[in-house]
Amino acid sequence: MKIKKIILLPTIIICMGFLAGCDLANTPTSQVEEYLSKYQRLDKSIDINEVLLIDEEALTENNKEEYQKLIKKQYRNLSYSIKEEEIDGNKAKVTAEITVLDYGREIRKLEEEKDLDYSKKLLENLKKVKKKVTYTIKFKVEQDKNNQWKVEPLGKEGQEKLLGIYS
């Protein structure tokens with residue numbers, strides 16, 4: 001009888017831990033963390049070609065490759081911390097603080113100079129950026145009919161913050 005109790009108790013504890021672990025993966029915060037980690041990992045669901053810091057027509061083929069490398073560098077260097085989670089029924093807001101390379105500062109500087117070779121100079125300057133900037137983003141998260149939390153796509157402001165160009 002003692003042997004059965006000894007074997008049964010660890011089995012119950014393991015099962016409870018497994019069930020709790022499944023539930024923990026389905027929270028608004030965990031979904032935002034997964035969303036941001038996709039950027040860090042350069043997940044194939046993140047389309048780097050859609051990101052426009054510079055007028056695409058102004059880029060040569062070589063510049064386009066350099067440009068993509070800069071975007072990838074930005075996303076890989078993204079760091080974040082979750083500050084708050086507010087749940088209201090099937091909707092939630094998760095506040096995250098992100099830190100990214102401050103590309104916006106270089107862009108604004110060159111725009112003021114009105115240089116004719118803006119694109120080339122900008123790419124050269126962005127490669128050298130080391131200074132970082134911190135932004136706060138409120139992610140909207142909604143629970144679907146299967147009780148799974150899903151992060152709503154970021155608007156323009158959120159995307160600009162991830163790119164480090166928000167002003």
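**Entry 1: confidence**

pLDDT is the predictor's confidence in each residue, on a scale from 0 to 100. I began with it, as this is a predicted model. For the protein chain I found a mean pLDDT of 83, with 77% of the residues at 70 or more.

I then looked up where in the protein chain the confidence is lowest and where it is highest. The lowest value belongs to helix 1 (residues 2-24), with a mean of 47, and the highest to strand 2, with 98. Over residues 8-22 the pLDDT stays under 50. For that stretch the model has one contact beyond four places in sequence. Where pLDDT is low, the predicted coordinates should not be read in detail. I left helix 1 there and went on.

**Entry 2: the chain as a whole**

I noted six helices and four strands in the protein chain. Read from the N terminus, the order of the elements is α-α-α-β-β-α-α-β-β-α. The protein chain has 167 residues, and 34% of them count as buried. Its accessible surface comes to about 11,100 Å², and carbon and sulfur atoms account for 52% of that.

I also checked contacts between residues at least 6 apart in sequence; 68% of them join residues at least 24 apart.

**Entry 3: strands 1, 2 and 3**

Which strands does strand 2 pair with? I found strand 1 (residues 79-88), in the antiparallel sense and over nine bridges. I also found strand 3 (residues 132-143), again antiparallel, over eleven bridges.

I picked out one position from each pairing. Serine 81 stands opposite glutamate 97 of strand 2. Valine 100 has valine 133 of strand 3 as its bridge partner.

Strand 1 and strand 2 form a hairpin with two residues between the strands. In this hairpin, glycine 89 takes a positive phi near 70 degrees.

I looked up the cover of strand 2 (residues 91-101) as well: eight of its eleven residues are buried, and the strand is mostly covered.

**Entry 4: aromatic rings**

I counted aromatic pairs and got four. A pair of aromatic rings is described by the distance of the centres and the angle of the planes.

How are the rings of tyrosine 39 and tyrosine 75 placed? Their centres are 4.8 Å apart and their planes stand at 80 degrees, so I entered the pair as edge-to-face; the cut-off for that is over 60 degrees. Tyrosine 39 is in helix 2 (residues 28-41) and tyrosine 75 in helix 3 (residues 61-76), so I noted a link between distant parts of the chain, 36 residues apart. Both tyrosine 39 and tyrosine 75 are buried.

The rings of tyrosine 135 and tyrosine 166 have centres 5.9 Å apart and planes at 85 degrees, so this pair is edge-to-face too. Tyrosine 135 belongs to strand 3, and tyrosine 166 to the segment after helix 6 (156-163); the pair therefore ties together parts 31 residues apart in sequence.

Are tyrosine 135 and tyrosine 166 buried or partly exposed? Tyrosine 135 has a relative accessible area of 9% and is buried, as the cut-off for buried is under 20%. Tyrosine 166, at 27% relative accessibility, counts as partly exposed.

I found a charge at tyrosine 166 as well: the charged end of lysine 161 sits over its ring, 5.0 Å from the centre. Last, I noted a cluster linked by ring pairs, made of Tyr35, Tyr39, Tyr75 and Phe139.

**Entry 5: positive phi outside glycine**

Most residues other than glycine have a negative phi, and most peptide bonds are trans. I noted two residues against that background.

Leucine 42 is not a glycine, yet it has a positive phi of about 55 degrees. Its place is the loop between helix 2 and helix 3.

Asparagine 147, not a glycine either, has a positive phi of about 65 degrees. This asparagine 147 lies in the loop between strand 3 and strand 4 (149-151). Its relative accessibility is 48%, so I put it down as partly exposed.

**Entry 6: lysine 150**

I ended in strand 4, with lysine 150. At 45% relative accessibility, lysine 150 counts as partly exposed.

Which residues does lysine 150 touch, leaving out those up to four places away in sequence? I found Lys140, Val141, Glu142 and Asp144.

I also looked up lysine 150 against threonine 27, which is 123 residues away along the chain. Their C-alpha atoms are separated by 9.1 Å.

Methods: Residues numbered from 1 in each chain as written. Predicted model: local features only at pLDDT ≥ 70, side-chain atom pairs only at ≥ 80, totals over all residues. Heavy atoms only, no water. Buried < 20%, exposed > 50% of the residue type's maximum accessible area, 1.4 Å probe, protein only. Pairing = 2+ DSSP bridges. Phe/Tyr/Trp six-rings, centres within 6.5 Å; stacked < 30°, edge-to-face > 60°. Lys NZ or Arg CZ within 6 Å of the ring centre and 35° of its normal. Contact = heavy atoms within 4.5 Å. Areas by Shrake-Rupley, 256 points an atom, 1.4 Å probe, with all protein chains shown as cover.
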